[in-house]
Amino acid sequence: MIISKRRRWLLLAVVSAGLLLITLDNSILYAALPTLVEDLGASSSEGLWIINAYPVVMAGLLLGSGTLGDRVGHRRMFVIGLAVFGAASLVAAFSTSPEALIAARAFLAVGAAAMMPATLALIRVTFDDERERNMAIAVWGTMAVVGSALGPIISGILLQHFWWGSVFIINVPVVVAATVATLVLAPPNDPDPSKQWDLTSSLLALVALVGLVLAIKETAKADPAPVVIAAAVLATVAGGWAFARRQRRLTYPLLDFAIFRNRAFLAGVLAAGFALFAISGIQLVTTQRFQLVEGFTPLRAGFLVAAVALGAFPTAMLGGAVLHKVGLLPLITGGLALGAVGTVLVLMNFSTSMGLLVTGLIITGSGLGAAMSVASSAIMGNVPARRAGMASSVEEVSYEFGGLIAVALLGSLLTAVYSATIDLPAGVSDRARDSLDSALALAGEGAGGPHTALIRAASEAFDGAYLAVMVVVAAALTVGALVTGVLLRRHGPGSALSSPAHH
């Protein structure tokens with residue numbers, strides 16, 4: 001079926017709106033969490049799971065939902081995903097207990113996991129021309145950055161005027177409009193009933209990923225439970241081994257490991273993961289640092305980290321437009337390297353110059369925007385159309401995984417360095433070591449010299465922890481640039497290899 005140019009780009013706007021919803025819900029709770037925890041009476045552990053239930057469940061289900069989309073048709077999967085996402089948003093908004101909200105967030109993830117591979121697969125089957133498709137995928141890739149950056153801003157605005165449930169209610173009108181537009185604009189559903197979707201493989205992948213995240217989070221705690229760590233590691237290893245073994249035996253595997261033999265595909269997957277690791281890490285620690293140390297409101301801190309998206313938007317557009325001329329190497333490897341340079345600028349100036357800090361964030365965004373937009377093209381351009389669902393699922397798992405690891409590892413590193421380095425004034429409770437929040441609460445109870453001395457000591461320790469996290473981010477981007485540079489060293493212009501190793 002030939003689809004008119006206007007209709008193709010309108011459909012791109014619709015699937016981009018779907019992706020924007022998905023990525024917004026990853027970051028929108030950062031600013032809302034303190035209010036939400038207070039209103040629901042949630043413990044710190046429950047608060048953590050309110051945020052993490054969404055990305056953990058989504059990462060576990062993404063591989064299976066891509067292949068299921070190949071089987072039932074990507075248009076149908078997108079519409080089903082929108083319906084589930086809208087219903088889950090209503091349930092989340094009116095939750096009356098932490099447990100109900102955690103369950104609603106997991107339900108949201110089911111809808112997101114159905115929608116996300118379908119967004120990219122619909123682009124793959126709608127845009128036949130490679131240059132047009134590269135541009136469309138660049139727009140799609142930019143939405144991931146924009147959604148992530150807008151989350152804290154939208155949350156801050158809504159919380160000034162409404163109750164915390166409004167951060168979920170806002171999804172509903174977008175879901176309704178996107179559903180109607182998809183039914184009008186999308187190409188006819190094109191299912192392939194010969195594709196065998198395997199629920200068991202999906203569940204094994206979910207077990208492995210949830211186990212890994214649990215292991216990381218528990219290991220990083222000040223007082224880890226060895227039994228929990230052992231159980232989580234066992235689940236990861238057993239789930240991963242059983243998943244890989246099952247894929248080799250299936251005629252239609254959920255994940256065909258042979259696609260990773262294509263160096264451009266592998267470079268795209270790694271670039272997506274490294275870029276999201278950096279963006280999530282920078283966003284997480286920078287919003288915390290400027291709210292707790294500098295006294296920024298959640299909205300002002302959200303606008304600060306939006307500098308990353310400000311830098312990413314033009315380079316993502318430009319990357320898609322020039323990819324056919326310059327190729328993947330300068331955009332992916334160069335983009336990750338530029339991101340590392342921007343991160344170094346941030347870590348050198350975060351406490352001395354707001355101008356240089358914002359410049360560093362914009363430079364970081366510029367590099368990561370270019371890398372992310374063409375990482376998508378590298379992935380989708382190096383698999384045959386019949387593998388579109390699988391390829392898009394792999395990419396989105398790498399995005400979610402990058403973000404999950406950033407929050408688990410870098411959030412824990414921030415706390416660990418702060419606790420280990422704070423120089424407590426005499427007579428101050430050891431509770432001040434737990435977190436900067438605890439120290440500020442204790443300082444509020446005191447007066448005079450110890451009060452000021454505790455705030456100064458806690459802020460200095462937190463700045464040292466922030467510096468350590470940013471060093472790790474810069475190092476990760478440098479490693480990403482080196483690895484993708486090796487993988488793409490023989491790759492010419494365009495998004496696909498001249499003779500890609502399709503299997």
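**Entry 1: salt bridges.** I searched this predicted model for salt bridges and obtained a count of two.

I looked up the partners. In one, the side chain of Arg 289 meets that of Glu 294, with an N to O distance of 2.9 Å. In the other, Arg 289 meets Asp 463 at 2.8 Å, N to O. I noted that the second pair links distant parts of the chain, 174 residues apart. Arg 289 lies in helix α11 (residues 263-292), and Asp 463 lies in helix α17 (residues 448-487). I recorded Arg 289, Glu 294 and Asp 463 as a network linked by salt bridges.

**Entry 2: exposure of the network.** I asked which residues of the Arg 289 and Asp 463 pair are buried. I found that both are. Arg 289 has 1% relative accessibility and therefore counts as buried. Glu 294 has 40% relative accessibility, so I entered this residue as partly exposed.

**Entry 3: nonpolar cores.** I turned next to the nonpolar cores. The largest holds 137 residues. I listed the residues with the most contacts inside this core: Leu 29, Met 58, Ile 123, Phe 168 and Tyr 418. I also noted a second, separate core of five residues, including Val 56, Ala 59, Leu 209 and Val 213.

**Entry 4: surroundings of Phe 168.** I chose Phe 168 from that list and looked up what it touches, leaving out residues up to four places away in sequence. Phe 168 touches Leu 29, which is also among the residues with the most contacts inside the largest core. I recorded the further contacts of Phe 168 as Asp 25, Ser 89, Ala 92, Ala 93, Leu 101, Arg 105 and Leu 108.

How values were computed: Residues numbered from 1 in each chain as written. Predicted model: local features only at pLDDT ≥ 70, side-chain atom pairs only at ≥ 80, totals over all residues. Heavy atoms only, no water. Core = buried A, V, L, I, M, F, W, Y, C linked by side-chain atoms within 4.5 Å. Buried < 20%, exposed > 50% of the residue type's maximum accessible area, 1.4 Å probe, protein only. Contact = heavy atoms within 4.5 Å. Salt bridge = Lys/Arg side-chain N within 4 Å of Asp/Glu carboxyl O. Helix = DSSP H or I, 4+ residues; strand = E, 2+ residues; numbered from the N terminus.
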